[in-house]
Amino acid sequence: MTESFMGPKTRALLRRGQPYLKGGARYDRVAAASEQAGFRPPRQLIVDRAEGDFLWDLDGQRYIDFQNGWATNPLGNCHPEILEAVQAAQRRYGFHWEHPLRIPVAEHLAALSPGQALPRFSFEVSGTEAVEAAVHAALCHSDRRYIIAFASSFHGEGLGTKLVSAYDSNNYVGLEAWSGGVIRAPFPHSEAIPPNLTLAQYQDYCLWYLEEHIPRYVMAANNIAAVIIEPALAEGGNWVPDPTFLQGVRDICDRRDWLMIADEVLTGVGRTGPMWAVEHSGVIPDIMVVGKHLSGGIEPFAGFSARDDILGDNPRATGGSTFAGTPAGCAAALKTLEIIDRDNVLDHGQSLADLAQEVMSDWTERFQIVSEVRGLGLLIGVSFEVDGYDGVHVARTVRDEMLKRGVWALCDFQPQVRLYPALNMAPDVLRSGLEAMAEAIAAVEQSGPQVGDYPAWPSGNVGF
Ligand SMILES: Cc1ncc(COP(=O)(O)O)c(C=O)c1O
(Lines give C-alpha, C1' and ligand atoms only; values in the text may rest on other atoms or scores of the structure.)
Protein backbone atom coordinates (compact mmCIF):
# COMPACT_ATOMS: atom_id res chain seq x y z
CA MET A 1 0.00 0.00 0.00
CA THR A 2 1.44 3.31 -0.94
CA GLU A 3 0.47 6.92 -1.33
CA SER A 4 0.67 6.35 -5.08
CA PHE A 5 -2.90 7.52 -5.63
CA MET A 6 -1.59 11.00 -4.98
CA GLY A 7 1.30 10.48 -7.30
CA PRO A 8 3.47 13.10 -8.97
CA LYS A 9 1.30 13.62 -12.06
CA THR A 10 -1.82 14.23 -10.00
CA ARG A 11 0.04 16.60 -7.68
CA ALA A 12 1.56 18.51 -10.56
CA LEU A 13 -1.77 19.04 -12.34
CA LEU A 14 -3.55 20.07 -9.16
CA ARG A 15 -0.79 22.59 -8.45
CA ARG A 16 -1.06 23.89 -12.01
CA GLY A 17 -4.81 24.50 -11.56
CA GLN A 18 -4.48 26.33 -8.26
CA PRO A 19 -4.06 29.85 -9.68
CA TYR A 20 -6.98 29.45 -12.10
CA LEU A 21 -9.73 27.34 -10.62
CA LYS A 22 -12.45 28.42 -8.27
CA GLY A 23 -11.28 27.75 -4.73
CA GLY A 24 -7.71 27.12 -5.81
CA ALA A 25 -6.42 29.65 -3.32
CA ARG A 26 -8.01 27.61 -0.52
CA TYR A 27 -5.87 24.52 -1.09
CA ASP A 28 -2.98 25.35 1.14
CA ARG A 29 -5.07 27.06 3.80
CA VAL A 30 -7.48 24.11 4.14
CA ALA A 31 -4.62 21.63 4.12
CA ALA A 32 -2.78 23.56 6.81
CA ALA A 33 -5.92 23.80 8.97
CA SER A 34 -6.52 20.06 8.66
CA GLU A 35 -2.97 19.28 9.54
CA GLN A 36 -3.07 21.60 12.50
CA ALA A 37 -6.17 19.79 13.73
CA GLY A 38 -4.22 16.55 13.50
CA PHE A 39 -6.00 15.15 10.48
CA ARG A 40 -4.93 14.21 7.04
CA PRO A 41 -6.81 16.44 4.63
CA PRO A 42 -9.03 14.61 2.19
CA ARG A 43 -7.23 13.78 -1.00
CA GLN A 44 -8.23 14.26 -4.53
CA LEU A 45 -7.82 12.20 -7.63
CA ILE A 46 -8.09 13.12 -11.27
CA VAL A 47 -9.56 10.53 -13.57
CA ASP A 48 -7.36 9.59 -16.47
CA ARG A 49 -9.54 6.77 -17.81
CA ALA A 50 -12.83 5.14 -16.82
CA GLU A 51 -14.28 1.82 -17.90
CA GLY A 52 -17.13 -0.24 -16.46
CA ASP A 53 -16.69 -0.74 -12.72
CA PHE A 54 -13.25 0.90 -12.63
CA LEU A 55 -11.31 4.05 -13.23
CA TRP A 56 -7.65 5.00 -13.24
CA ASP A 57 -6.01 8.17 -11.99
CA LEU A 58 -3.29 10.17 -13.73
CA ASP A 59 -0.63 8.16 -11.96
CA GLY A 60 -2.01 4.84 -13.14
CA GLN A 61 -3.66 3.69 -9.91
CA ARG A 62 -6.87 1.72 -10.45
CA TYR A 63 -9.98 2.25 -8.31
CA ILE A 64 -13.28 0.46 -7.88
CA ASP A 65 -15.85 3.13 -8.62
CA PHE A 66 -18.34 3.73 -5.80
CA GLN A 67 -18.27 7.46 -6.55
CA ASN A 68 -20.06 6.86 -9.84
CA GLY A 69 -19.66 10.33 -11.35
CA TRP A 70 -21.69 11.69 -8.42
CA ALA A 71 -24.26 8.93 -8.89
CA THR A 72 -24.76 9.34 -12.61
CA ASN A 73 -23.67 6.00 -14.10
CA PRO A 74 -26.32 3.31 -13.64
CA LEU A 75 -24.55 1.15 -16.22
CA GLY A 76 -20.96 1.83 -15.19
CA ASN A 77 -18.39 4.02 -16.85
CA CYS A 78 -18.42 4.67 -20.60
CA HIS A 79 -21.02 2.09 -21.53
CA PRO A 80 -20.20 1.32 -25.19
CA GLU A 81 -23.79 1.16 -26.43
CA ILE A 82 -24.64 4.53 -24.91
CA LEU A 83 -21.48 6.06 -26.33
CA GLU A 84 -22.40 4.74 -29.74
CA ALA A 85 -25.98 6.08 -29.52
CA VAL A 86 -24.69 9.49 -28.42
CA GLN A 87 -22.11 9.69 -31.19
CA ALA A 88 -24.66 8.64 -33.80
CA ALA A 89 -27.05 11.39 -32.64
CA GLN A 90 -24.27 13.96 -32.69
CA ARG A 91 -23.16 12.94 -36.17
CA ARG A 92 -26.70 13.05 -37.49
CA TYR A 93 -28.16 16.14 -35.81
CA GLY A 94 -25.28 18.13 -34.35
CA PHE A 95 -27.18 20.40 -32.07
CA HIS A 96 -30.67 21.48 -32.97
CA TRP A 97 -33.54 21.99 -30.61
CA GLU A 98 -36.01 20.69 -33.22
CA HIS A 99 -34.86 17.08 -33.44
CA PRO A 100 -37.16 14.02 -33.37
CA LEU A 101 -35.80 12.19 -30.30
CA ARG A 102 -37.62 14.36 -27.77
CA ILE A 103 -40.95 12.74 -28.46
CA PRO A 104 -39.99 9.10 -27.83
CA VAL A 105 -38.15 10.19 -24.67
CA ALA A 106 -41.23 12.01 -23.38
CA GLU A 107 -43.42 9.02 -24.34
CA HIS A 108 -41.14 6.61 -22.46
CA LEU A 109 -41.05 8.78 -19.37
CA ALA A 110 -44.84 9.17 -19.37
CA ALA A 111 -45.24 5.39 -19.50
CA LEU A 112 -42.68 4.91 -16.72
CA SER A 113 -43.98 7.68 -14.46
CA PRO A 114 -45.44 6.62 -11.09
CA GLY A 115 -48.98 5.38 -11.69
CA GLN A 116 -48.55 6.69 -15.24
CA ALA A 117 -49.97 9.85 -13.73
CA LEU A 118 -47.34 12.33 -14.94
CA PRO A 119 -47.59 12.41 -18.73
CA ARG A 120 -46.06 15.84 -19.41
CA PHE A 121 -42.30 16.35 -19.56
CA SER A 122 -40.23 19.51 -19.53
CA PHE A 123 -36.66 19.12 -20.84
CA GLU A 124 -33.86 20.76 -18.83
CA VAL A 125 -30.08 20.48 -18.78
CA SER A 126 -29.19 19.80 -15.15
CA GLY A 127 -30.95 18.64 -12.01
CA THR A 128 -30.54 22.16 -10.64
CA GLU A 129 -32.31 23.70 -13.57
CA ALA A 130 -35.02 21.03 -13.51
CA VAL A 131 -35.79 21.64 -9.82
CA GLU A 132 -35.99 25.36 -10.40
CA ALA A 133 -38.31 24.87 -13.38
CA ALA A 134 -40.49 22.43 -11.40
CA VAL A 135 -40.83 24.88 -8.52
CA HIS A 136 -41.65 27.64 -10.95
CA ALA A 137 -44.32 25.50 -12.63
CA ALA A 138 -45.87 24.77 -9.23
CA LEU A 139 -45.94 28.47 -8.30
CA CYS A 140 -47.48 29.38 -11.66
CA HIS A 141 -50.02 26.58 -11.60
CA SER A 142 -51.30 27.38 -8.13
CA ASP A 143 -50.79 31.13 -8.28
CA ARG A 144 -49.34 30.91 -4.76
CA ARG A 145 -46.05 32.23 -3.46
CA TYR A 146 -44.48 29.69 -1.09
CA ILE A 147 -42.68 26.36 -1.26
CA ILE A 148 -41.95 24.06 1.68
CA ALA A 149 -38.59 22.27 1.60
CA PHE A 150 -36.94 19.94 4.12
CA ALA A 151 -33.91 20.29 6.36
CA SER A 152 -30.85 18.30 5.19
CA SER A 153 -32.12 18.23 1.62
CA PHE A 154 -30.10 19.14 -1.43
CA HIS A 155 -31.66 20.29 -4.67
CA GLY A 156 -28.80 21.97 -6.51
CA GLU A 157 -26.41 24.89 -6.58
CA GLY A 158 -28.34 27.48 -8.60
CA LEU A 159 -29.60 30.67 -7.05
CA GLY A 160 -33.08 29.17 -6.57
CA THR A 161 -31.98 25.67 -5.58
CA LYS A 162 -29.42 26.95 -3.06
CA LEU A 163 -32.36 28.48 -1.26
CA VAL A 164 -34.64 25.49 -1.61
CA SER A 165 -31.86 23.20 -0.34
CA ALA A 166 -31.39 23.16 3.40
CA TYR A 167 -28.33 21.17 4.32
CA ASP A 168 -26.31 24.06 5.70
CA SER A 169 -27.58 27.45 6.85
CA ASN A 170 -24.26 29.02 5.73
CA ASN A 171 -25.50 28.53 2.17
CA TYR A 172 -28.08 31.30 2.61
CA VAL A 173 -25.64 33.89 3.87
CA GLY A 174 -25.63 36.75 1.39
CA LEU A 175 -28.80 35.45 -0.27
CA GLU A 176 -31.24 36.69 2.37
CA ALA A 177 -32.96 39.05 -0.05
CA TRP A 178 -33.81 36.17 -2.37
CA SER A 179 -35.12 33.58 0.05
CA GLY A 180 -38.55 34.93 0.93
CA GLY A 181 -40.52 32.17 -0.74
CA VAL A 182 -39.06 29.11 0.97
CA ILE A 183 -40.29 27.62 4.25
CA ARG A 184 -38.06 24.93 5.74
CA ALA A 185 -39.46 21.98 7.65
CA PRO A 186 -37.68 19.31 9.71
CA PHE A 187 -36.97 15.90 8.18
CA PRO A 188 -36.78 12.77 10.34
CA HIS A 189 -33.36 11.17 10.19
CA SER A 190 -31.37 9.64 12.98
CA GLU A 191 -28.63 12.25 13.14
CA ALA A 192 -31.01 15.10 13.79
CA ILE A 193 -33.44 13.84 16.41
CA PRO A 194 -33.75 15.81 19.62
CA PRO A 195 -32.66 13.94 22.76
CA ASN A 196 -35.32 11.74 24.38
CA LEU A 197 -37.31 11.28 21.20
CA THR A 198 -37.41 8.13 19.14
CA LEU A 199 -37.17 8.41 15.37
CA ALA A 200 -40.86 7.45 15.11
CA GLN A 201 -41.85 10.16 17.59
CA TYR A 202 -39.75 12.70 15.75
CA GLN A 203 -41.34 11.69 12.46
CA ASP A 204 -44.77 12.34 13.99
CA TYR A 205 -43.53 15.73 15.11
CA CYS A 206 -42.21 16.52 11.60
CA LEU A 207 -45.58 15.66 10.05
CA TRP A 208 -47.42 17.70 12.68
CA TYR A 209 -45.07 20.63 12.03
CA LEU A 210 -45.82 20.43 8.33
CA GLU A 211 -49.56 20.18 8.63
CA GLU A 212 -50.30 22.30 11.72
CA HIS A 213 -47.39 24.50 12.70
CA ILE A 214 -46.60 25.98 9.31
CA PRO A 215 -50.15 26.98 8.34
CA ARG A 216 -50.86 28.33 11.83
CA TYR A 217 -47.66 30.26 12.50
CA VAL A 218 -45.59 30.57 9.34
CA MET A 219 -47.75 30.97 6.23
CA ALA A 220 -51.42 30.58 5.37
CA ALA A 221 -52.04 27.19 3.74
CA ASN A 222 -53.68 28.79 0.73
CA ASN A 223 -50.50 30.68 -0.08
CA ILE A 224 -48.36 27.52 -0.18
CA ALA A 225 -47.94 26.01 -3.65
CA ALA A 226 -46.00 22.83 -3.00
CA VAL A 227 -43.85 20.66 -0.79
CA ILE A 228 -40.60 19.51 -2.38
CA ILE A 229 -39.02 16.35 -1.02
CA GLU A 230 -36.20 13.95 -1.81
CA PRO A 231 -37.64 10.46 -1.26
CA ALA A 232 -34.27 9.66 0.35
CA LEU A 233 -31.92 12.47 1.37
CA ALA A 234 -28.99 11.79 -0.92
CA GLU A 235 -26.40 14.56 -0.61
CA GLY A 236 -27.57 15.10 2.95
CA GLY A 237 -26.08 11.69 3.83
CA ASN A 238 -28.09 8.94 2.12
CA TRP A 239 -30.77 9.03 4.79
CA VAL A 240 -33.73 6.79 4.14
CA PRO A 241 -37.04 7.77 5.74
CA ASP A 242 -39.64 5.27 6.76
CA PRO A 243 -42.17 4.80 3.90
CA THR A 244 -44.88 6.15 6.20
CA PHE A 245 -43.18 9.55 6.17
CA LEU A 246 -43.66 10.02 2.45
CA GLN A 247 -47.21 8.70 2.73
CA GLY A 248 -47.82 11.23 5.53
CA VAL A 249 -46.47 14.05 3.38
CA ARG A 250 -48.68 12.96 0.48
CA ASP A 251 -51.78 12.89 2.72
CA ILE A 252 -51.01 16.33 4.11
CA CYS A 253 -50.53 17.72 0.60
CA ASP A 254 -53.94 16.31 -0.33
CA ARG A 255 -55.65 17.70 2.76
CA ARG A 256 -53.99 21.10 2.45
CA ASP A 257 -54.27 21.33 -1.33
CA TRP A 258 -50.51 21.55 -1.84
CA LEU A 259 -48.66 19.98 -4.76
CA MET A 260 -46.09 17.32 -3.93
CA ILE A 261 -42.81 17.59 -5.87
CA ALA A 262 -40.57 14.51 -5.61
CA ASP A 263 -36.95 15.29 -6.42
CA GLU A 264 -35.74 11.99 -7.90
CA VAL A 265 -32.64 13.48 -9.53
CA LEU A 266 -30.39 11.16 -7.56
CA THR A 267 -32.78 8.46 -6.36
CA GLY A 268 -34.47 7.85 -9.71
CA VAL A 269 -33.90 5.26 -12.43
CA GLY A 270 -33.20 2.39 -10.11
CA ARG A 271 -30.73 3.87 -7.64
CA THR A 272 -32.84 2.73 -4.67
CA GLY A 273 -34.16 -0.50 -6.29
CA PRO A 274 -37.37 0.27 -8.19
CA MET A 275 -37.43 2.75 -11.04
CA TRP A 276 -38.47 5.59 -8.69
CA ALA A 277 -37.82 5.80 -4.96
CA VAL A 278 -41.40 6.99 -4.33
CA GLU A 279 -42.48 3.45 -5.23
CA HIS A 280 -41.21 2.24 -1.84
CA SER A 281 -44.07 4.10 -0.22
CA GLY A 282 -46.61 3.78 -3.03
CA VAL A 283 -46.85 7.54 -3.29
CA ILE A 284 -47.62 9.34 -6.55
CA PRO A 285 -46.28 12.89 -6.61
CA ASP A 286 -47.81 15.66 -8.71
CA ILE A 287 -44.44 16.66 -10.14
CA MET A 288 -41.27 14.55 -10.33
CA VAL A 289 -37.80 15.87 -11.12
CA VAL A 290 -35.30 13.58 -12.87
CA GLY A 291 -31.67 13.77 -14.04
CA LYS A 292 -28.34 12.04 -13.37
CA HIS A 293 -28.87 8.28 -14.10
CA LEU A 294 -31.28 8.98 -16.89
CA SER A 295 -28.60 9.52 -19.51
CA GLY A 296 -26.29 6.71 -18.50
CA GLY A 297 -23.48 8.93 -17.25
CA ILE A 298 -22.54 10.17 -20.71
CA GLU A 299 -24.48 13.36 -21.50
CA PRO A 300 -26.20 16.06 -19.47
CA PHE A 301 -29.92 15.39 -19.42
CA ALA A 302 -32.61 16.31 -16.91
CA GLY A 303 -36.18 17.47 -16.68
CA PHE A 304 -39.42 17.15 -14.79
CA SER A 305 -42.62 15.21 -15.30
CA ALA A 306 -45.97 16.60 -14.23
CA ARG A 307 -49.67 16.01 -14.20
CA ASP A 308 -51.46 16.98 -17.36
CA ASP A 309 -53.31 19.88 -15.76
CA ILE A 310 -50.07 21.33 -14.37
CA LEU A 311 -48.02 21.34 -17.54
CA GLY A 312 -50.43 20.75 -20.42
CA ASP A 313 -51.36 24.38 -20.84
CA ASN A 314 -49.53 26.56 -18.35
CA PRO A 315 -48.38 29.61 -20.34
CA ARG A 316 -46.47 31.12 -17.42
CA ALA A 317 -44.43 27.98 -16.69
CA THR A 318 -41.74 28.65 -19.24
CA GLY A 319 -38.41 26.86 -18.91
CA GLY A 320 -35.80 24.86 -20.72
CA SER A 321 -32.58 26.53 -21.82
CA THR A 322 -30.78 26.29 -25.17
CA PHE A 323 -29.13 22.96 -24.46
CA ALA A 324 -32.13 21.32 -22.78
CA GLY A 325 -32.95 17.96 -24.37
CA THR A 326 -30.03 17.86 -26.80
CA PRO A 327 -30.09 15.11 -29.45
CA ALA A 328 -27.17 13.45 -27.68
CA GLY A 329 -28.85 13.69 -24.26
CA CYS A 330 -32.10 12.24 -25.62
CA ALA A 331 -30.25 9.44 -27.43
CA ALA A 332 -28.41 8.63 -24.19
CA ALA A 333 -31.67 8.56 -22.24
CA LEU A 334 -33.40 6.30 -24.77
CA LYS A 335 -30.48 3.86 -24.88
CA THR A 336 -30.12 3.83 -21.08
CA LEU A 337 -33.80 3.02 -20.58
CA GLU A 338 -33.63 0.37 -23.30
CA ILE A 339 -30.64 -1.39 -21.68
CA ILE A 340 -32.13 -1.19 -18.19
CA ASP A 341 -35.25 -2.93 -19.47
CA ARG A 342 -33.52 -5.41 -21.78
CA ASP A 343 -30.90 -6.58 -19.28
CA ASN A 344 -33.12 -6.59 -16.16
CA VAL A 345 -30.70 -4.13 -14.62
CA LEU A 346 -33.00 -3.19 -11.75
CA ASP A 347 -33.17 -6.84 -10.62
CA HIS A 348 -29.40 -7.08 -10.79
CA GLY A 349 -29.14 -3.86 -8.77
CA GLN A 350 -31.41 -5.30 -6.11
CA SER A 351 -29.31 -8.46 -5.86
CA LEU A 352 -26.23 -6.24 -5.40
CA ALA A 353 -28.06 -4.33 -2.68
CA ASP A 354 -28.77 -7.64 -0.89
CA LEU A 355 -25.11 -8.56 -1.20
CA ALA A 356 -24.04 -5.20 0.24
CA GLN A 357 -26.41 -5.64 3.13
CA GLU A 358 -24.99 -9.10 3.83
CA VAL A 359 -21.37 -7.86 3.79
CA MET A 360 -22.10 -4.77 5.90
CA SER A 361 -24.64 -6.26 8.30
CA ASP A 362 -22.24 -6.60 11.24
CA TRP A 363 -20.25 -3.37 10.77
CA THR A 364 -21.86 -1.48 13.64
CA GLU A 365 -20.90 -4.33 16.02
CA ARG A 366 -17.53 -4.98 14.44
CA PHE A 367 -16.34 -1.36 14.37
CA GLN A 368 -16.72 1.04 17.24
CA ILE A 369 -16.37 4.07 14.99
CA VAL A 370 -19.27 3.05 12.74
CA SER A 371 -22.47 4.47 14.22
CA GLU A 372 -24.86 3.48 11.44
CA VAL A 373 -24.99 1.61 8.14
CA ARG A 374 -28.04 2.19 5.99
CA GLY A 375 -29.14 1.65 2.46
CA LEU A 376 -32.03 1.57 0.10
CA GLY A 377 -31.09 -0.36 -3.00
CA LEU A 378 -27.66 0.93 -3.99
CA LEU A 379 -27.93 4.21 -2.12
CA ILE A 380 -25.67 3.29 0.78
CA GLY A 381 -24.44 5.44 3.66
CA VAL A 382 -22.08 4.72 6.56
CA SER A 383 -21.93 7.19 9.49
CA PHE A 384 -18.90 7.60 11.76
CA GLU A 385 -18.65 8.81 15.31
CA VAL A 386 -15.67 9.01 17.63
CA ASP A 387 -15.89 10.78 20.99
CA GLY A 388 -13.92 13.99 20.95
CA TYR A 389 -13.51 14.15 17.19
CA ASP A 390 -15.38 15.79 14.40
CA GLY A 391 -17.12 12.92 12.61
CA VAL A 392 -16.48 14.59 9.26
CA HIS A 393 -12.72 14.20 9.75
CA VAL A 394 -13.17 10.57 10.77
CA ALA A 395 -15.22 9.87 7.64
CA ARG A 396 -12.64 11.61 5.47
CA THR A 397 -9.84 9.61 7.02
CA VAL A 398 -11.76 6.42 6.24
CA ARG A 399 -12.27 7.61 2.69
CA ASP A 400 -8.52 8.28 2.39
CA GLU A 401 -7.78 4.77 3.59
CA MET A 402 -10.23 3.47 1.02
CA LEU A 403 -8.45 5.39 -1.73
CA LYS A 404 -5.18 3.83 -0.66
CA ARG A 405 -6.82 0.45 -1.09
CA GLY A 406 -8.13 1.32 -4.55
CA VAL A 407 -11.75 2.20 -3.79
CA TRP A 408 -13.28 5.60 -4.56
CA ALA A 409 -16.33 6.71 -2.57
CA LEU A 410 -17.89 10.04 -1.62
CA CYS A 411 -17.41 12.09 1.51
CA ASP A 412 -18.35 15.77 1.57
CA PHE A 413 -19.15 17.82 4.62
CA GLN A 414 -21.04 15.27 6.67
CA PRO A 415 -19.72 12.52 8.94
CA GLN A 416 -20.54 9.87 6.36
CA VAL A 417 -19.05 7.96 3.50
CA ARG A 418 -21.58 7.48 0.71
CA LEU A 419 -21.47 4.69 -1.85
CA TYR A 420 -23.14 4.60 -5.25
CA PRO A 421 -22.08 1.45 -7.10
CA ALA A 422 -23.32 1.06 -10.66
CA LEU A 423 -26.51 -1.01 -10.88
CA ASN A 424 -24.78 -3.48 -13.18
CA MET A 425 -21.55 -3.83 -11.21
CA ALA A 426 -20.05 -7.32 -11.09
CA PRO A 427 -20.90 -8.86 -7.69
CA ASP A 428 -17.28 -9.84 -6.96
CA VAL A 429 -16.17 -6.24 -7.61
CA LEU A 430 -18.80 -4.94 -5.20
CA ARG A 431 -17.75 -7.47 -2.60
CA SER A 432 -14.06 -6.71 -2.88
CA GLY A 433 -14.73 -2.94 -2.73
CA LEU A 434 -16.74 -3.37 0.46
CA GLU A 435 -14.10 -5.67 1.96
CA ALA A 436 -11.47 -3.02 1.21
CA MET A 437 -13.71 -0.48 2.92
CA ALA A 438 -13.92 -2.72 5.99
CA GLU A 439 -10.11 -2.92 6.04
CA ALA A 440 -9.95 0.87 5.77
CA ILE A 441 -12.32 1.28 8.71
CA ALA A 442 -10.28 -1.22 10.75
CA ALA A 443 -7.09 0.72 9.94
CA VAL A 444 -8.61 4.02 11.10
CA GLU A 445 -10.00 2.35 14.21
CA GLN A 446 -6.56 1.00 15.02
CA SER A 447 -4.53 4.13 14.37
CA GLY A 448 -7.18 6.63 15.41
CA PRO A 449 -8.32 9.37 13.08
CA GLN A 450 -5.30 11.47 14.02
CA VAL A 451 -2.61 10.67 11.53
CA GLY A 452 0.37 12.97 11.50
CA ASP A 453 2.24 11.60 8.51
CA TYR A 454 0.58 13.68 5.88
CA PRO A 455 2.36 16.22 3.70
CA ALA A 456 1.12 19.78 3.90
CA TRP A 457 -1.02 19.69 0.81
CA PRO A 458 -3.33 19.25 -1.07
CA SER A 459 -6.75 19.35 0.46
CA GLY A 460 -9.98 17.81 -0.76
CA ASN A 461 -12.35 18.57 -3.57
CA VAL A 462 -11.67 22.27 -3.47
CA GLY A 463 -11.93 23.95 -6.80
CA PHE A 464 -12.99 21.04 -8.98
C1 LIG B 1 -31.63 15.34 -5.16
C2 LIG B 1 -30.87 16.25 -6.07
N3 LIG B 1 -31.52 17.22 -6.71
C4 LIG B 1 -30.89 18.06 -7.56
C5 LIG B 1 -29.53 17.95 -7.76
C6 LIG B 1 -28.83 18.90 -8.70
O7 LIG B 1 -28.53 18.24 -9.86
P8 LIG B 1 -27.35 18.77 -10.81
O9 LIG B 1 -26.09 18.65 -10.05
O10 LIG B 1 -27.43 17.89 -12.03
O11 LIG B 1 -27.66 20.18 -11.15
C12 LIG B 1 -28.81 16.96 -7.11
C13 LIG B 1 -27.35 16.84 -7.30
O14 LIG B 1 -26.66 16.13 -6.64
C15 LIG B 1 -29.49 16.08 -6.23
O16 LIG B 1 -28.85 15.12 -5.56
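This is a short tutorial dialogue on reading a predicted model.

Student: Where should I start with the ligand? Which residues surround the ligand?

Tutor: Start with the shell. The ligand is surrounded by Ser126, Gly127, Thr128, Phe154, His155, Gly156, Glu230, Glu235, Asp263, Val265, Leu266 and Lys292.

Student: How do the residues of that shell divide into nonpolar, polar and charged?

Tutor: The shell holds 3 nonpolar, 5 polar and 4 charged residues.

Student: Which ligand atom does a polar side-chain atom of Thr128 lie close to, and at what distance?

Tutor: An oxygen atom of the ligand, at 2.5 Å. Asp263 takes a nitrogen atom of the ligand instead, with a polar side-chain atom 2.6 Å away. Lys292 also faces a ligand oxygen atom, and here the distance from an N or O atom of the side chain is 3.0 Å.

Student: How much of the ligand's accessible area does the protein cover?

Tutor: On its own, the ligand has 380 Å² of accessible area, and the protein covers 84% of this.

Student: Now salt bridges. What is the general idea?

Tutor: Side chains of opposite charge can pair when their charged atoms come close. The cut-off is 4 Å, from a side-chain nitrogen of Lys or Arg to a carboxyl oxygen of Asp or Glu.

Student: How many salt bridges does the count come to by this rule?

Tutor: The count comes to 24 salt bridges. Take Arg431 and Glu358, whose side chains meet at 3.3 Å, N to O. This pair links distant parts of the chain, 73 residues apart. Arg431 sits in helix 15 (residues 427-447), and Glu358 in helix 12 (residues 345-360).

Student: Are Arg431 and Glu358 buried or exposed?

Tutor: Between the two. Arg431 counts as partly exposed because its relative accessibility is 30%. Glu358 is partly exposed as well, with a relative accessible area of 49%. The limits behind that call are under 20% for buried and over 50% for exposed.

Student: What about Asp362 and Arg366?

Tutor: They form a salt bridge, with the closest N and O atoms 3.7 Å apart. Asp362 has 30% relative accessibility, so it counts as partly exposed. Arg366, at 45%, is partly exposed.

Student: Which residue does Glu401 meet in a salt bridge?

Tutor: Arg405, at 2.8 Å, N to O. Glu401 is buried, because its relative accessible area is 9%.

Student: Which residues do salt bridges that share partners join into one network?

Tutor: Arg250, Asp254, Asp286, Arg307 and Asp309. Look at Asp286 in detail. Asp286 is found in the loop between strand 8 (259-263) and strand 9 (287-290).

Student: Why does Asp286 count as buried?

Tutor: Because its relative accessibility is 6%. The side chain of Asp286 reaches the backbone nitrogen of Met260 at 2.7 Å. Another polar contact joins the side chains of Asp286 and Arg307, at 2.8 Å.

Student: Last, the surface. Which residues make the nonpolar surface patch?

Tutor: Phe95, Trp97 and Phe323, and the patch is about 300 Å². Phe95 is found in the loop between helix 4 (80-93) and helix 5 (102-112).

Student: Why can Phe95 belong to a patch?

Tutor: Patch residues need over 30% relative accessible area and no salt bridge. Phe95 passes the area test because its relative accessible area is 31%, which makes it partly exposed.

How values were computed. Residues numbered from 1 in each chain as written. Predicted model: local features only at pLDDT ≥ 70, side-chain atom pairs only at ≥ 80, totals over all residues. Heavy atoms only, no water. Patch = residues over 30% accessible without salt bridge, like charges linked within 9 Å, V, L, I, M, F, W, Y side chains within 5 Å. Areas by Shrake-Rupley, 256 points an atom, 1.4 Å probe, with all protein chains shown as cover. Helix = DSSP H or I, 4+ residues; strand = E, 2+ residues; numbered from the N terminus. Buried < 20%, exposed > 50% of the residue type's maximum accessible area, 1.4 Å probe, protein only. Near = heavy atom within 4 Å. Polar contact = N/O pair within 3.5 Å; in protein donor to acceptor, adjacent residues only side chain to side chain. Nonpolar A, V, L, I, M, F, W, Y, C, P; charged D, E, K, R; others polar.
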